[in-house]
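Here are a few short exercises to work through with the structure open beside you. Try each task before reading its solution.

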Amino acid sequence: MKTVALFLFIFASYGYSQEAIKYDAVKNNITKKQQYFSKIYASSGTEKQKEVVREAQAYLTTTISDSLFSYWYGTPWNFNGTTKVPKQGTIACGYFVTAILSDAGFQIPRVKWAQSASEPVIVKIATNVQRFRNQPMNKLIDYLNKQGDGLYIVGLDNHVGFISKRGNNLRFIHSSYYHPETGVMPEPLEGHNPLNDSRYRIIGKLLDTEMTLNWINGVEYK
């Protein structure tokens, strides 16, 4: 315990908060888990590989939803925000999305994707991509309620974020320019937020078999 306390004191003296240290530990655990899945997948037959993919999908969904998102909640929004450390500095919506993906272990061009339009990114990594133009929010909600649980990525007129679906519990997770002092937050899909107010929405399901295999095998997205 004294050793741990000493390390925390040393890191704190260099500007690292205890939250940042814990977040680094989460990322390190993700890396170890990715290496574990990669090793098992490479040495398994076809049926076992399918099982490994399903386990990896469940692991990533839970880790992103319950761990990575939570650390980022409360990190302020700024149009020029690019922080890599939760609750230190500010973060724009695109950088938040690519931070989550890269911290989850996906080999993506974080800066380039953060600065690009959301649609080509969504088309590249997601499946079951659907577009909603000038349609009320209930159309999107009806669509999601017919889909499986999991994580979705959604692009808007000038914004991007995630949607988490667990049964009938739907949450929009994003770095909000409507509430810049709060920034990263989960909120209902309906209400005063960019998702509800946007005229255009493109949404895709994350963590299909191909995307999960890319994570397992460390495939780089160009």
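A cavity here is a set of grid points where a 1.4 Å probe fits but cannot get out, and a residue counts as lining when it has an atom within 4 Å of a point. Keep in mind that this is a predicted model.

**Exercise 1. Work out which part of the model to leave alone.**

Start with the overall score: the average pLDDT is 93, and 93% of the residues reach at least 70. Next, look for a stretch that falls short. Residues 1-14 stay under 50, and the model gives them 4 contacts beyond four places in sequence. Where pLDDT is low, the predicted coordinates should not be read in detail. So skip the fine detail there.

**Exercise 2. Find the largest cavity and describe its lining.**

Searching the whole structure turns up 1 cavity of 30 Å³ or more. The volume of the largest cavity is about 30 Å³. Now list its lining: I64, I100, L101, F106, L151, F162, L206 and L207. Sort those by class and you get 8 nonpolar residues, with no polar and no charged ones.

**Exercise 3. Decide how helix α3 sits against α2 and against α9.**

Take α2 (residues 18-42) to begin with. Its axis comes within 11 Å of the α3 axis, and the two cross at roughly 175 degrees. Angles over 145 degrees count as roughly antiparallel, so that is what α2 is to α3. On the α2 side the contact includes Y23, V26, I30 and F37, and on the α3 side V52, A56, Y59 and W72 are among the residues involved. By class, this contact has 13 nonpolar, 4 polar and 5 charged residues.

Now move to α9 (residues 209-217). Helix α3 (residues 46-72) packs against α9 at about 85 degrees, with the axes 10 Å apart. An angle from 65 to 115 degrees counts as roughly perpendicular, so α3 is roughly perpendicular to α9. Here V52, V53, A56, Q57, Y59 and L60 of α3 meet T209, T212, L213, W215 and I216 of α9. That contact breaks down into 8 nonpolar, 3 polar and no charged residues.

**Exercise 4. Map the largest pocket.**

First, size: the largest pocket holds about 500 Å³ of space. Then find its middle: among the 24 lining residues, C93, G94, A114, S116 and N158 are the closest to the centre. Next, ask which elements supply two or more residues to the lining: α4 (93-103), α5 (110-115) and α6 (118-125) do. The most comes from α4, with 6 residues. Finally, the lining sorts into 15 nonpolar, 7 polar and 2 charged residues.

Notes:
Residues numbered from 1 in each chain as written. Predicted model: local features only at pLDDT ≥ 70, side-chain atom pairs only at ≥ 80, totals over all residues. Heavy atoms only, no water. pLDDT = per-residue confidence, 0-100. Contact = heavy atoms within 4.5 Å. 1 Å grid on protein atoms, 1.4 Å probe; cavity = no way out; pocket = protein on both sides within 12 Å on 5 of 7 lines; lining within 4 Å. Points joined across faces, edges and corners; volume = space filled by probe spheres on them. Nonpolar A, V, L, I, M, F, W, Y, C, P; charged D, E, K, R; others polar. Axes fitted to C-alpha atoms, helices over the stretch in contact; angles between N-to-C directions. Helix = DSSP H or I, 4+ residues; strand = E, 2+ residues; numbered from the N terminus. Parallel < 35°, antiparallel > 145°, perpendicular 65-115°, else oblique.
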